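Below is a short note for your review. Please read the points against the sequence and the coordinates.

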Amino acid sequence: MKVRVKFSKTGNMKFVGHLDVMRYFQKVNRRAGIDIAYSGGFSPHQIMSFASPLGLGLTSEGEYLDMELNSSGTSAMMMERMNAVMAEGFEVTGFRKLPDTAKTAMSIVAAADYQMTLKEAYQTLLPDQWQLEQFFSQESICVTKKTKKSEKEMDIRPLIYGWRPAENGFWVRLASGSSDNLKPQLLLEALFRYWKSEFLPYAFAVHRLELYADIGTEEQPEFLPLGEMGEEIL
């Protein structure tokens, strides 16, 4: 059976990289006695995959892990068993059974919500007027995207699906998929450039709120939280 686990990553765990998070959950499954399925072959491994890697230094309350199990208790029971062996900073907040034909979260994730909050130590270093309305109202927002081999100019405006001001910062919904993907740090870099200010990469605390699949059309996207797919195990 396929299940989707929702979890949060907060506090000092924001400094734990994605590969270590993967290894951590393998240990959690063993310690909690989760009846997870293993692959075949000479080097069997737990059948599990994560929706979208979280950048180092970011916190989140909307992370997802898909697993294949041989058997399962109720959703409440499984969450309790996993949380009982979790380290501080990780917490399972959802556990749902998926249809056998369901695609993995990794393959369907299309967007992510983030909360950007200006840290107190940087509040005197930034413009008094943030001009967020003017920034997000631009028809195009061009940035230089760097890869390991090259640099290229790209317009990130089509990858920003929504925004609104918030206390000491703003909320934003960004593309987050295998083809279209906009990292929050690249958006912040563009914002600092708009301010004609030196880029301060750690000025904002970045917190991921949710991940979505797009169940709409190319002309009219419709975003559904990954955690609302499937059903509770009762």
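The numbered points go from the overall fold to strand pairing, aromatic contacts and backbone angles.

1. The model is predicted. The chain is made up of five helices and 12 strands. Its C-alpha trace spans about 55 × 40 × 40 Å along the principal axes. The radius of gyration is 19 Å, which agrees with the value near 17 Å for a compact globule of 234 residues.

2. Of the 234 residues, 44% count as buried. The exposed surface of the chain comes to about 13100 Å², and carbon and sulfur atoms supply 50% of that area. If contacts between residues at least 6 apart in sequence are taken, 69% of them join residues at least 24 apart.

3. Strand 5 covers residues 109-118. Eight of its 10 residues are buried, so strand 5 is largely enclosed by the rest of the structure. Which strands pair with strand 5? One partner is strand 10, which runs antiparallel to strand 5 and is joined to it by nine bridges. In this pairing Met116 stands opposite Val206 of strand 10. Strand 9 is also a partner of strand 5, again in the antiparallel sense, over seven bridges. Here Thr117 stands opposite Gly169 of strand 9.

4. The structure holds 19 aromatic pairs. One of them is formed by Phe25 and Phe50, which are edge-to-face with 5.8 Å centre to centre and 70 degrees between the planes. This pair links distant parts of the chain: Phe25 belongs to helix 1 (residues 18-32) and Phe50 to strand 2 (residues 48-50), 25 residues apart. Are these two rings buried or exposed? Phe25 has 0% relative accessibility and therefore counts as buried. Phe50 is buried as well, because its relative accessible area is 7%, and the cut-off for buried is under 20%.

5. Phe192 and Phe204 have ring centres 6.4 Å apart and planes at 90 degrees, so this pair is edge-to-face. The pair also links distant parts of the chain, with Phe192 in helix 5 (residues 184-194) and Phe204 in strand 10 (residues 204-214), 12 residues apart. Phe192 and Phe204 are both buried. The centre distance of 6.4 Å can be set against the pairing limit, which is within 6.5 Å.

6. Ring pairs link a cluster that includes Phe192 and Phe204. The other members are Trp130, Phe135, Phe136, Trp163, Phe170, Tyr194, Trp195 and Phe199.

7. Two arginines lie over aromatic faces. Arg164 is placed over the face of Trp171, at 4.2 Å from the ring centre. Arg173 is placed over the face of Tyr212, also at 4.2 Å from the ring centre.

8. Which residues have a positive phi although they are not glycine? Asn168 is one of them, with a phi of about 55 degrees. Asn168 sits in the loop between strand 8 (160-166) and strand 9 (169-175). Its relative accessibility is 39%, so Asn168 counts as partly exposed.

9. Lys196 likewise has a positive phi of about 55 degrees and is not a glycine. The position of Lys196 is in the loop between helix 5 and strand 10. Lys196 is exposed, because its relative accessible area is 77%, and exposed means over 50%.

Key: Residues numbered from 1 in each chain as written. Predicted model: local features only at pLDDT ≥ 70, side-chain atom pairs only at ≥ 80, totals over all residues. Heavy atoms only, no water. Phe/Tyr/Trp six-rings, centres within 6.5 Å; stacked < 30°, edge-to-face > 60°. Helix = DSSP H or I, 4+ residues; strand = E, 2+ residues; numbered from the N terminus. Buried < 20%, exposed > 50% of the residue type's maximum accessible area, 1.4 Å probe, protein only. Lys NZ or Arg CZ within 6 Å of the ring centre and 35° of its normal. Rg over C-alpha atoms; globule rule 2.2 N^0.38 Å. Contact = heavy atoms within 4.5 Å. Areas by Shrake-Rupley, 256 points an atom, 1.4 Å probe, with all protein chains shown as cover. Pairing = 2+ DSSP bridges.
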